[in-house]
Amino acid sequence: MTTTATEKGKILTANRLRDGEVVFLTHSGEWSENIDGAVLATEPQAQAALEARGKGDERVNLVTGTYLFDAERRDGHVFASHIKERIRSLGPTVRVDLGKQAEGKGGHFAALQGV
Amino acid sequence: MYRYDEFDSQFVNDRVSQFRDQANRRLTGELSEDEFRPLRLMNGLYLQLHAYMLRIAVPYGSLDSAKLNTLAYIAEKWDRGYGHFTTRQNLQFNWIKLEDTADILAKLAEVEMHAIQTSGNCIRNVTTDQWAGAAADEIADPRPIGELVRQWSSLHPEFSYLPRKFKIAVTGSPNDRAAVRVHDIGLRLHLNDRGERGWEVLVGGGLGRTPVIAVTVRDFLPEHELIAYLEAIMRVYNLYGRRDNKYKARIKILVHEIGAEKFRAEVETEYARRPHADTKVEERELQRISAYFAAPQFEKLPRWSATFEEARAKNKDFANWVRTNIAAHRADGYAIVNISLKPEGGIPGDATADQMRVVADLAQRYSFDEIRVSHHQNLVLPHVKRDDLFAIWKVLQASELATSNIGLAGDIIACPGLDYCSLATARSIPIAQSISRKFADLNRQHEIGPLRINISGCINACGHHHVAHIGILGLDKKGEEFYQITLGGSSADSASIGTILGPGFAGEDVPEAIEKIVNTYLARRQPGEEFLAAYRRLGPQPFKEALYAAA
């Protein structure tokens, strides 16, 4: 029996250039619309590598506005630390019928409901 | 409604094709993001939390059915079936793709619309009274001056790269509904003893992180001098406005730092220095513009409408709606209909494509094809026969557009906040929704009386929280949303900035806090005394005690 460790680290995100869709960099260097597909970099060196990769994809006009944010991985799912990134990975909390959360591409955490 | 001349059409169509080319060059990588960003912003295209956002100009808040139907069409074809009316009387779409934007702008151009002057450090879209040309208390329709300012300011080469954005508001009524005292420049119409028109020029108002009430630099500027004088103000600002610090770049900071007297002297010196002949507002030109805004041919009707009075006597819900949502019209037998975009638990300012079509259709049938957007994020049918009010109300009711809460607790202004906006520090809409549910009982709202609750999701104050009777500002405290409450603000004639009451609240505690404030007012008000008057008489103390007394 193994207990799943919680990994903390950073994820690289951006908006896809042609449509503005929120995307996350994956292990294979693709951009995923689903935060669970993101690669979590735990070491500063790995984080720097993600950033470099992101800048490269900005230069070839795949994405725009890349940056790292804090997240953790539990049971194979990625959880954004800050509410802003949780909203970006799901969609507006006031329209749960729209965005990633409605398209089966949402994160594995519950949408905030009301206040 | 202003109609494009050949020059306007050519110009807007040229802009669309320029943007199409720019967007293509961005998509193929010829332009970098740094090169492209200012170009897309000049066309109202922002990048927000979930997608691109397109902010479409509704100059001085005037629409007709063709324009509103086109917005509905765009909402369905290129967005997610709805749009958001803003405190700048504009409309925003939240789910736009860069690759579709040129097609959307081309569609807008077909109905003489665009997204120019909705972003960037230029003179923005002019805003005005949503009842312009209709209100009983109006001296004159302010929209011709709004249009004059638009024609002068649109892509004015000297004023396209100002230290910061610049907002002008115009009112033609002694009762200010355009919040002219909290704009960079506010223009307010007066008549002198001889019945001549002159404009009071107010400068240096604003909200954001430094809220300031404007100062009057001229009491009565003759109309033909208006553009020359505005130019003198813009030049002083362009020269002395701070470019070293974005947060100190608005004209309000300049006016504040050098003082109103010095600022006025600088403007007058500049004004006296320059030749006026080339910017004199010619009577002929003003008449040409005014003709576009000529009042519709109102029928000669009795003041009293039997149909209307009968319906009002028979139907309590209709009577309640009339009490709050109808305003006095300048012509006998007519009324101004205010359509609330604030249903209980709804998203302030959001309208679905279907709702837009319903309103467009009503405007065509009953309101001389005119629609207005208010800075309170509601819609207006400005010229409606009192005989038709009941029929209109029934149509609105069937589309969730007949909430009787204009100017009451449920008529909340809220910016998009952290649900959509990349600048936001906290969510605004859910707070508006929970307060609106807390005060769901419309009878109670009517009992409370006029109450303005405004919510901003960050210090930039798009939700105008500083000038609300009860203002709410959402902030981020170590990753958690929390909300600061201010009391006593107003954007009306006796404009004031609200005072922070004390420590902030978690989101879920805000509705209860608002309830305590309202109950304190109800317990202490004098007969007929409105919330703002009561607050001004009582001061913050009793409200503080109610909110922060040990539980």
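## Exercises on a two-chain model

The side chain of His50(B) has a polar atom 2.7 Å from the backbone oxygen of Asp419(B). The model is predicted: local features need pLDDT of at least 70, side-chain atom pairs count only at pLDDT 80 or more, and totals for chains, interfaces and linings use all residues. Residues are numbered from 1 along each chain as its sequence is written, chains are lettered from A and ligands numbered from 1 in the order written, and side-chain values use heavy atoms, without hydrogens and water.

**Exercise 1.** Place His50(B) in its chain, decide whether His50(B) is buried or exposed, and list its contacts beyond four places in sequence.

*Solution.*
- Step 1: His50(B) sits in the loop between strands E1 (45-47) and E2 (52-56) of chain B. Strands are DSSP runs of E, at least two residues; helices are runs of H or I, at least four; both are numbered from the N terminus.
- Step 2: His50(B) is buried, because its relative accessibility is 7%. Buried means under 20% relative accessible area, exposed over 50%, partly exposed in between (1.4 Å probe, protein chains only).
- Step 3: Beyond four places in sequence, His50(B) touches Gly20(A), Glu21(A), Val22(A), Ile87(A), Arg88(A), Gly91(A) and Pro92(A), together with Trp95(B), Asp419(B) and Tyr420(B). Contact means heavy atoms within 4.5 Å.

**Exercise 2.** Describe the interface of chain A and chain B: its contacting residues, buried area, salt bridges and polar contacts.

*Solution.*
- Step 1: Contact joins 26 residues of chain A with 35 residues of chain B.
- Step 2: About 2500 Å² is buried between the chains, 60% of it from carbon and sulfur atoms. Buried area is the accessible area (1.4 Å probe) that two parts lose on being put together, summed over both.
- Step 3: There are 2 salt bridges between the chains. A salt bridge puts a side-chain nitrogen of Lys or Arg within 4 Å of a carboxyl oxygen of Asp or Glu. Arg80(B) and Glu103(A) form one, at 3.6 Å from N to O.
- Step 4: The rule gives 9 residue pairs in polar contact across the interface, both residues at pLDDT 80 or more. A polar contact is a pair of N or O atoms within 3.5 Å; within protein, one must be able to donate a hydrogen and the other to accept it, and residues adjacent in sequence count only if both atoms are side-chain atoms.
- Step 5: On chain A, strand E1 (7-16) and helix H2 (83-90) each supply at least two residues of the side that touches chain B. H2(A) gives the largest share, 4 residues.

**Exercise 3.** How many helices and strands does chain A have, and how does its radius of gyration compare with that of a compact globule?

*Solution.*
- Step 1: Chain A has 2 helices and 5 strands. Their order from the N terminus is β-β-β-α-β-β-α.
- Step 2: The radius of gyration of chain A is 14 Å; this agrees with the globule value, because 115 residues would give one near 13 Å. The radius is taken over C-alpha atoms, and the globule rule is 2.2 Å times the number of residues to the power 0.38.
- Step 3: Of the 115 residues in chain A, 51% are buried.

**Exercise 4.** Which sign does phi take in Gln117(B) and in Phe368(B)?

*Solution.*
- Step 1: Gln117(B), a residue other than glycine, has a positive phi near 65°. Gln117(B) lies in the loop between H4 and strand E6 (127-128) of chain B and is buried, at 7% relative accessible area.
- Step 2: Phe368(B) has a positive phi near 55°. Its loop runs between helix H12 (353-366) and strand E14 (371-373) of chain B. Phe368(B) is partly exposed, at 36%.
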